Each structure stands twice: as C-alpha cells, then as structure tokens.
Amino acid sequence: MEPGNGNRVSHHIKTAGNALVNWWRAATLDALIVGVLWLIGLELIRVPFAPLWAILGGLLQIIPTFGGMIALIGPVLAVAFSGHDEWRLGLVLGLYGVIVILEGLVIGPYILHRTTKVPWWAAFLGPIVLGIIIPFWGVLLAPPLLAIVFAFWKPGVRAR
C-alpha cells in the first residue's frame, strides 16, 4: 500500500458517508412535506383521524415506492367505515394520486437535488432504470446510490 492511500480511503469513506447523511436529510424532509400534504388534504375531505393518517403517511414515505400505497390503507378504511360515502372515497384516492405525482415528479427530485446535488433527471430516472435492472432492490437502493455516485462526480474532470 502506497503512503497516502490510507488518507485517500478515509476521504472516500467520509465522502460516501456525507452523501448518505445528506440523502437521509432529503428523505426526512420529503416525508415531512408529504405528511403535511396528507394532513391538509385529509382535513379538507374530513376524513376521521386525519392527523393520525397524515403522520403515518409521512413516516411511511421513508419506504420508497410502497410506503405511499401502505399509507393509503388507513384513510380508505376510515372513510369506508364512516358511512357509504363513495364521493369522499374518490376524493381520498384522488388526493393520493396528486400526492404521488407531486412527490415523484417535483418534491422528491427537487429536494434530492438541493441536498445531494443529484440532478433532477437522475433522481427521476435512477429508480426506474435500477428497478428494471435489479427488480425491487433497485428501486429501494437507487436514491442513496445516486447520492453517493454524485458525491464523487466532479463536472469537467475526466477519468484517467
């Protein structure tokens, strides 16, 4: 091992660690925003126990792809058991659709870019491509992997 390689390895580990911490900050902020969107929407629709479902929606947002779907179960059941109100049930499903679209196309990529410098296009396409290459795990691992890759990415520097 050459002198200085220990410093280089230490630097790389620190860079990757900082990228993961920044990704976690982005995921937490994303979850908080989604929780607030759930709270506003569910309160407007007058869903029973709206604050509880909003908190769960925010917490479950940490689980990529599947968290939002799991979060939908509570509000749907609350509306279904509160009476035969198909209109409100449709509004809850529509709210879910709006939140998923906003989070997937705007909020998530924007926050990931602001905290980890991952470009919007990579934040959007990364989970899709990795989900095709490595089904299930690719979707889960794409955001933190992208954060690490772009932490080492130096624009204008070519590999030797």
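## A buried arginine in α4

At 16% relative accessibility, Arg88 counts as buried, because the cut-off for that label is under 20% relative accessible area. This is a predicted model, so everything below describes a prediction. Arg88 sits in helix α4, which covers residues 86–116.

Who does Arg88 touch, leaving aside its neighbours within four places in sequence? Its contacts are Ile45, Arg46, Val47, Pro48, Val79 and Ser82. One of these partners, Arg46, belongs to the loop between α1 and α2. Another, Val79, is one of the buried residues of α3.

## The loop between α1 and α2

Helix α1 runs over 5–45 and α2 over 50–60, and Arg46 lies in the loop that joins them. Is Arg46 buried or exposed? With a relative accessible area of 66%, Arg46 is exposed. So here's a pair to look at on screen: Arg88 is buried at 16% relative accessibility, and it is in contact with Arg46, which is exposed.

The backbone is worth a look here too. Most residues other than glycine have a negative phi. Arg46, though not a glycine, has a positive phi of about 65°. Phe49 also has a positive value, with phi near 60°, and it isn't a glycine either. Phe49 is in the loop between α1 and α2 as well, and its relative accessible area of 60% makes it exposed.

## Along α2 and just past it

Now move on to helix α2, where you'll find Ile55. Ile55 counts as exposed, at 55% relative accessibility, since the label applies over 50%. From Ile55 to Leu145 is 90 residues in sequence and 27 Å in space, C-alpha to C-alpha.

Leu60 is in α2 too. What does Leu60 touch, not counting residues up to four places away in sequence? The list is Gly67, Gly68, Ile70 and Ala71. Leu60 is also 7.7 Å from Ala31, C-alpha to C-alpha, with their positions 29 residues apart in sequence. Past that comes Gln61, in the loop between α2 and α3. Gln61 is buried, with a relative accessible area of 16%, and beyond its neighbours within four places in sequence it is in contact with Asp30, Ala31, Val34 and Glu103.

## One side of α3

Helix α3 takes in residues 66–81, which makes 16 residues. From its first C-alpha to its last it reaches 24 Å, close to the 22 Å expected at 1.5 Å a residue.

Which residues of α3 are buried? They are Gly67, Gly68, Ala71, Leu72, Gly74, Pro75, Ala78 and Val79. These residues cover an arc of only 155° around the axis, so they end up on the same side of α3. It helps to know that an α-helix has 3.6 residues a turn, so residues three or four places apart point the same way. Three of the names, Gly67, Gly68 and Ala71, are also among the residues Leu60 touches. Just after α3, Gly83 takes a positive phi of about 145°.

## Where α4 meets α5

Helix α4 packs against helix α5 (residues 120–133) at an angle of about 115°, with the two axes 8 Å apart. The crossing is right-handed. On the α4 side, the contact is made by Gly104, Leu105, Pro109 and Leu112, and on the α5 side by Trp120, Ala123 and Phe124. What kinds of residue are these? Six are nonpolar, one is polar and none is charged.

## Ile107 and Trp23

Ile107 is another residue of α4, and at 14% relative accessibility it counts as buried. Ile107 and Asp30 are 77 residues apart along the chain, yet their C-alpha atoms are separated by 6.9 Å. Setting aside neighbours within four places in sequence, Ile107 is in contact with Asp30, Ile33, Leu37 and Leu102. Asp30 is a partner of Gln61 as well.

To finish, find Trp23 in helix α1. Trp23 counts as buried at 19% relative accessibility. Apart from neighbours within four places in sequence, its contacts are Leu112, Thr116, Pro143, Pro144 and Ala147. Leu112 is also one of the α4 residues in the contact with α5. Phe124 takes part in that contact from the α5 side, and Trp23 and Phe124 are 15 Å apart in space, C-alpha to C-alpha, and 101 residues apart in sequence.

Key:
Residues are numbered from 1 along each chain as its sequence is written. This is a predicted model: local features need pLDDT of at least 70, side-chain atom pairs count only at pLDDT 80 or more; totals for chains, interfaces and linings use all residues. Side-chain values use heavy atoms; hydrogens and water are left out. Axes are lines fitted to C-alpha atoms, for helices over the stretch in contact, and angles run from 0 to 180 degrees between N-to-C directions. Helices (H or I, at least four residues) and strands (E, at least two) are DSSP runs, numbered from the N terminus. A crossing is left-handed if the near helix is turned anticlockwise from the far one by less than a right angle, and right-handed if clockwise. Contact means heavy atoms within 4.5 Å. Ala, Val, Leu, Ile, Met, Phe, Trp, Tyr, Cys and Pro count as nonpolar, Asp, Glu, Lys and Arg as charged, and the others, Gly among them, as polar. The expected span of a helix is 1.5 Å times one less than its number of residues. Buried means under 20% relative accessible area, exposed over 50%, partly exposed in between (1.4 Å probe, protein chains only). The arc is that of the directions from the helix axis to the C-beta atoms.
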